[in-house]
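Here's a quick tour of one model, written for someone who'd rather look at pockets and contacts than read a long preamble. Have the viewer open and follow along.

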Amino acid sequence: MINWLPLIFQHYEDLLDDAAQHFPVHRPDHNLPFASMAFNMSDQVVCEQHKDWFNLLLGFCILFVLGKFDWTKGGQLLLYEPHVMLDVAPGDIVWIPSAYITHVNLPIALGETRYSFTGFTAGGLFQLR
């Protein structure tokens with residue numbers, strides 16, 4: 001992210017540094033600029049159509065896809081407003097403005113597995129600055 005979105009990356013880093021001066025902030029990973037991370041570990045992680053309203057509107061979240069599934073037949077990531085469907089294979093990492101774009105991932109076949117890891121920061125934290 002630092003190579004593609006250096007100003008946004010620095011904004012997130014500065015926020016977390018400032019928050020740590022006032023609150024007992026524990027960063028989940030010092031290599032990523034996010035205040036929160038979620039591991040979605042059910043056998044077939046599928047999210048319904050949504051926007052992540054509480055994230056920073058013009059910020060980004062990271063989506064790391066894991067599992068064993070045929071990514072040419074299922075598990076695609078649909079981004080509604082730009083009218084884009086992304087084939088997302090196990091091991092792929094996607095950065096999306098999750099508060100700004102409605103998104104969903106499609107189901108996979110029975111017997112396949114799909115997990116995900118997401119990194120994000122609640123937009124309310126940016127009000128501290």
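β7 is the top contributor to the lining of the largest pocket, giving five residues. Keep in mind that this is a predicted model. Besides β7 (113-120), the elements that put two or more residues into that lining are β2 and β6 (103-105). In total, 19 residues line the largest pocket. If you want to centre your view, go for Asn40, Cys47, His50, His103 and Thr118, which lie nearest the middle of it. The space inside comes to about 330 Å³.

What's the chemical make-up of the lining of the largest pocket, by class? There are nine polar residues, eight nonpolar ones and two charged ones.

While you're looking at β6, check out Asn105, which sits in that strand. Asn105 counts as buried because its relative accessible area is 4%, and the cut-off for buried is under 20%. Its C-alpha atom is 5.8 Å from that of Val46, although Asn105 and Val46 are 59 residues apart along the chain.

Just past that strand, the loop between β6 and β7 holds Leu110. Leu110 is exposed, since its relative accessibility is 84% and exposed means over 50%. Leu110 also has a long-range partner to look at: its C-alpha atom and that of Asp43 are 9.8 Å apart, with the two positions 67 residues apart in chain numbering.

Now for the charged pairs. How many salt bridges does a search of the whole structure find? It turns up two. As a general point, side chains of opposite charge can pair when their charged atoms come close. Here are both pairs:

| Salt bridge | Closest N to O distance |
|---|---|
| Lys51 and Glu81 | 3.6 Å |
| Lys73 and Asp70 | 3.9 Å |

The side chains of Lys51 and Glu81 meet in a salt bridge. This pair ties together distant parts of the chain, with Lys51 in the loop between β1 and β2 and Glu81 in the loop between β3 (77-79) and β4 (84-86), 30 residues apart. Both ends are partly exposed: Lys51 has 23% relative accessibility, and Glu81 has 39%.

In the other pair, Lys73 is bridged to Asp70. Lys73 counts as exposed because its relative accessibility is 72%, while Asp70 is partly exposed at 27%.

The loop that carries Glu81 is also where you'll find His83, between β3 and β4. Have a look at the backbone there: phi of His83 is near 55 degrees, which is a positive value in a residue other than glycine. His83 is exposed as well, with a relative accessibility of 71%.

Last stop, the nonpolar surface. Which residues make the nonpolar surface patch of about 340 Å²? They are Leu57, Leu58 and Tyr100. Leu58 sits in the loop between β1 (36-40) and β2 (61-68), and Lys51 from the salt bridge above is in the loop between β1 and β2 too. Leu58 counts as exposed because its relative accessible area is 61%, and the cut-off for that label is over 50%. That figure also fits with its place in the patch, because patch residues need over 30% relative accessible area.

Key
Residues are numbered from 1 along each chain as its sequence is written. This is a predicted model: local features need pLDDT of at least 70, side-chain atom pairs count only at pLDDT 80 or more; totals for chains, interfaces and linings use all residues. Side-chain values use heavy atoms; hydrogens and water are left out. Patches are made of residues with over 30% relative accessible area and no salt bridge: like charges are joined within 9 Å, nonpolar side chains (Val, Leu, Ile, Met, Phe, Trp, Tyr) within 5 Å. Accessible areas come from the Shrake-Rupley method with a 1.4 Å probe; for residues, only the protein chains shown count as cover. A salt bridge is a side-chain nitrogen of Lys or Arg within 4 Å of a carboxyl oxygen of Asp or Glu. Helices (H or I, at least four residues) and strands (E, at least two) are DSSP runs, numbered from the N terminus. Buried means under 20% relative accessible area, exposed over 50%, partly exposed in between (1.4 Å probe, protein chains only). On a 1 Å grid over the protein atoms alone, a cavity is a set of points where a 1.4 Å probe fits but cannot get out, and a pocket is an open set with protein on both sides within 12 Å along at least five of seven lines; lining residues have an atom within 4 Å of a point. Grid points are joined across faces, edges and corners, and a volume is the space filled by probe spheres set on the points. Ala, Val, Leu, Ile, Met, Phe, Trp, Tyr, Cys and Pro count as nonpolar, Asp, Glu, Lys and Arg as charged, and the others, Gly among them, as polar.
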